Amino acid sequence: MNARFVILLVFGLTSLTLAAQQSFENKLDELLKKQDYKNASVGIQVTNLETGENIYSLNPNRLFIPASTMKLVSSASALEILGADYRFKTVLGYLGKVKKNGTLEGDLLVKGGADPALGSEYFRDYYFEFLKNWAKQIKAVGIEKVNGNLVMDGSIFDSEKIPATWIWEDIGNYYGAGPNAFTVYDNMFRITFQSPAKVNELTNIIATYPIIEGMSITNEVRSSEKNVDNAYVFGSPFDKIRVIRGTIPAGKKAFTIKAAMHNPEEILAADFRSALAAEGIFVRGDVLFEKCDNKSFQPVFTQESPTLAEIAKVLNYESVNLFAEHFLKQIAVEENLVGNRDKAIEFVKEYWQSKDLPIDDIFIEDGSGLSHFNAVSPAFFVGLLKYMENNEAFVNSLPVAGKGTLTRFDSKLFPDNTLQAKSGSMTRVRCYSGYLTTNKGDKLAFSLMFNHFSGSHSALIEEIQKLLETIKFEM
């Protein structure tokens, strides 16, 4: 009787599992028959982390454009290779000698540490008035006058401004800001418009902040009845000529958009020089951007960033492209002494290959996913998630339902961190990869990747939530 009971129980549980899978397949099949998705490319992998069982697969090894789910790779790689407690370091110091009268006969020096959080709006409390502190640190060693230059040494990174495969529409806007040895203020500046009450009228630019010397802006932005920011900034990272096209809401006395700042080292140098002057320290010479002689360098103060774990949480919750690019290049800094994107990609691929992930299932072009040339399979994402499931910093960096980039997901349906995932979106691309805990208590890793669909992102988000509901409540 006992053996028969066990057989019946196993049969019953198997039948329930098959029924749940059938329910999910039916709902997915109904979705893919809709006009907006019938020609789309779709890949799905859902795996039970405890048993290793693949609960559902659809094109699991096919490559898809991941958009911002690529940040899972860059954040996981940095947390593994650099460590959760890693901190970026910017070092202040000088070259030469400080005389008894407080005059530095030599150059004041800032060695860029490629700190992505320096002056960031995401870390206001951490970096409150950091430049005032820098000036005070210089004054504390007796320097009251600099009979030399302010030297900004950015040699920690190579000369690449942005990845080569980013598109023209993106690189002028705030989310297209590239990593820099002197990243500051999130490498962005703000442009404030005044718009007429009448629709389709030309707007006026009334302010920019910070003011970038030599910046030339052609404004083609018009007023619109739509209450959204639909203005785009166009311009090369190698010059200061910008054209702004699109629309902003009509009848606004002050409407601000954000643009990429591709020369943050100039802004940081100017602001530091002003902070020094406010402390009564005047630099006689010029601002130079060059590598310094380490042998004669006298360090004064080291500015440390928040931990990598703290930055990673902002990176994934807010989907900050700039932070992801810094994570990628910093891997090359530690492995190769210079932050080079191509070298960093080599190190990342070698690392995950050593962990037995299917390296043929991924093409990496950047750290953020802004490049349309990235390609990843659902199977790779699930393998990555499985490997990282016990990395507390990584898991905690993922948005939960109702927060961050998962704001549209119902926290009542997915309470208590039962859904933790990274989203990714760009034109005709919508992807989600992460962890889902079912009502039975099973922890799953999943990757749902939709490419080349038509229709709205809002509608697809609702459909994806329904699919995740089915997995949570029925599987």
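User: A pocket is an open set of points, on a 1 Å grid over the protein atoms alone, with protein on both sides within 12 Å along at least five of seven lines. How much space lies in the largest pocket?

Analyst: The largest pocket holds about 1200 Å³ of space, where volume is the space filled by probe spheres set on grid points joined across faces, edges and corners. This is a predicted model, in which local features need pLDDT of at least 70 and side-chain atom pairs count only at pLDDT 80 or more, while totals for chains, interfaces and linings use all residues. Residues are numbered from 1 along each chain as its sequence is written, and side-chain values use heavy atoms, with hydrogens and water left out.

User: Which residues are closest to the centre of the largest pocket?

Analyst: They are Y174, Y175, S319, N321 and S425, out of 37 residues in the lining. A lining residue has an atom within 4 Å of a point.

User: And which element gives the largest share of that lining?

Analyst: Strand β18 does, with 5 residues. At least two residues each come from α4 (168-171), β10 (230-234), β12 (255-260), α7 and β18 (419-426). Helices (H or I, at least four residues) and strands (E, at least two) are DSSP runs, numbered from the N terminus.

User: What is the make-up of the lining by class?

Analyst: The lining of the largest pocket has 14 nonpolar, 14 polar and 9 charged residues. Ala, Val, Leu, Ile, Met, Phe, Trp, Tyr, Cys and Pro count as nonpolar, Asp, Glu, Lys and Arg as charged, and the others, Gly among them, as polar.

User: What about the second largest pocket: what is its volume, and what lines it?

Analyst: Its volume is about 510 Å³. The second largest pocket has 18 lining residues, and G119, R124, F130, Y185 and Y209 lie nearest its centre. Two or more residues of this lining come from each of α3 (130-140) and β7 (188-194), and α3 gives the most, with 3 residues. By class, the lining comprises 9 nonpolar, 2 polar and 7 charged residues.

User: Switching to the interior, how many residues has the largest nonpolar core?

Analyst: It has 100 residues, and those with the most contacts inside it are V73, L108, W134, L268, F272, W352 and F394. Helix α7 (residues 321-336) provides the largest share of this core, 8 residues. A nonpolar core is a set of buried Ala, Val, Leu, Ile, Met, Phe, Trp, Tyr and Cys residues joined through side-chain atoms within 4.5 Å. Buried means under 20% relative accessible area, exposed over 50%, and partly exposed in between (1.4 Å probe, protein chains only). A second, separate core has 30 residues, including A40, I44, A421 and L436.

User: What does F272 touch?

Analyst: Leaving aside residues up to four places away in sequence, F272 touches L108, V110, L131, W134, A135, I138 and L150. Contact means heavy atoms within 4.5 Å.

User: Which residues of α5 are buried?

Analyst: F272 is one of them, alongside P264, E265, I267, L268, A269, A275 and L276. The cover over these buried residues includes β4 (103-111), α3, β6 (150-153), β13 (282-283) and β14 (287-289). Helix α5 (residues 264-278) has 15 residues and spans 21 Å from its first C-alpha to its last, close to the 21 Å expected at 1.5 Å a residue; the expected span is 1.5 Å times one less than the number of residues. After α5 comes G280, with a positive phi near 85°.

User: And α6, what do its buried residues pack against?

Analyst: They pack against α2 (71-81), α7, α10 (392-396) and β18. In α6 (residues 308-318), the buried residues are L308, I311, A312, V314, L315, N316 and Y317. S319, just after α6, has a positive phi of about 55°, and S319 is also among the residues closest to the centre of the largest pocket.

User: How many cavities are there of 30 Å³ or more?

Analyst: The count comes to 2, a cavity being a set of grid points where a 1.4 Å probe fits but cannot get out. The largest cavity has about 70 Å³ of space, and its lining includes I212, D239, R242, H262 and I267. The second largest cavity has about 40 Å³; α2 gives the most to its lining, with 3 residues.

User: Last one: where is P358, and is it buried or partly exposed?

Analyst: P358 sits in the loop between α8 (341-354) and β16 (362-363). P358 is partly exposed, at a relative accessible area of 31%.
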